[in-house]
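Reader: Hi! I'm new to this one and would love a quick tour. Could you walk me through it?

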Amino acid sequence: MKRLWFAAGIAVFLIVFAMFSLLYTANLSNRVEGELASAVHSARNEDWEQAVKRAQTAYDDFSGQRDVMNVFYHHDTLEGIEILLASLCEISQYKDSELFDVKCSEAIKRLVCLRECDNPVFGNIL
């Protein structure tokens, strides 16, 4: 009987851990996506100072939480997103809103992919 309770305890722990990772990822990616959307809007309005500030905030938010995210996801995936976010400040120096928009859109797509690959759907469970 002890084995059954031990197995049930492990199952509960894994479910709680999976739910924590799901909520944590959703919260972080939504926050970073919001910052990137604001940065794109500022860049389209030629307010490059605000665009750089928003892009830097998005980078700081993501890189500040990277240690926790490394527990849940493969390092290369997170590193690719972080490098892309870091490049936004460099791109903004050219003041090319199309290029900035493309890179922000690519970062948003990667964040959405990161968030949705963790969703508990039947295909992901198998």
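Author: Happy to! One term to begin with: helices here are DSSP runs of H or I with at least four residues, numbered from the N terminus. Also, keep in mind that this is a predicted model.

Reader: Thanks! So how many helices and strands does the protein chain have?

Author: The protein chain has 6 helices and 0 strands. From the N terminus on, the order of elements reads α-α-α-α-α-α.

Reader: And what does the chain span along its principal axes?

Author: The C-alpha trace spans about 65 × 25 × 20 Å. The radius of gyration of the protein chain is 18 Å, while a compact globule of 126 residues would have one near 14 Å.

Reader: What share of the residues counts as buried?

Author: That would be 30% of the 126 residues. As for the surface, the protein chain exposes about 8,100 Å², with carbon and sulfur atoms supplying 59% of that area.

Reader: Let's pick a helix. Which residues of α4 are buried?

Author: In α4 the buried ones are Leu78, Ile81, Glu82, Leu84, Leu85, Leu88, Cys89, Ile91 and Ser92.

Reader: What covers them?

Author: The cover for the buried residues of α4 includes α1 (2-44), α2 (48-64), α3 (66-72) and α5 (97-116).

Reader: Nice. What should α4 span, given its 18 residues?

Author: At 1.5 Å a residue, helix α4 (residues 75-92) should span 26 Å, and its end C-alpha atoms are 26 Å apart, so the two agree.

Reader: How about His75: is it buried, partly exposed or exposed?

Author: His75, which is found in helix α4, has a relative accessible area of 43%, so it is partly exposed. Buried would need under 20% and exposed over 50%. Leaving out residues up to four places away in sequence, His75 touches Arg66 and Asn70.

Reader: And where is its C-alpha atom relative to that of Lys2?

Author: The C-alpha atoms of His75 and Lys2 are separated by 37 Å, and the two residues are 73 residues apart along the chain.

Reader: Now Ser29. Buried or exposed?

Author: Ser29 lies in helix α1. Its relative accessible area is 2%, so Ser29 is buried. Again leaving out residues up to four places away in sequence, Ser29 touches Leu111 and Arg115.

Reader: Last topic, charges! How far apart are the mean positions of the positive and negative ones?

Author: They are 8 Å apart, taken over 12 positive and 18 negative charges of the protein chain.

Notes: Residues numbered from 1 in each chain as written. Predicted model: local features only at pLDDT ≥ 70, side-chain atom pairs only at ≥ 80, totals over all residues. Heavy atoms only, no water. Helix = DSSP H or I, 4+ residues; strand = E, 2+ residues; numbered from the N terminus. Rg over C-alpha atoms; globule rule 2.2 N^0.38 Å. Buried < 20%, exposed > 50% of the residue type's maximum accessible area, 1.4 Å probe, protein only. Areas by Shrake-Rupley, 256 points an atom, 1.4 Å probe, with all protein chains shown as cover. Lys, Arg positive; Asp, Glu negative; His and termini not counted. Charge placed at Lys NZ, Arg CZ, Asp CG, Glu CD. Expected span 1.5 Å × (residues − 1). Contact = heavy atoms within 4.5 Å.
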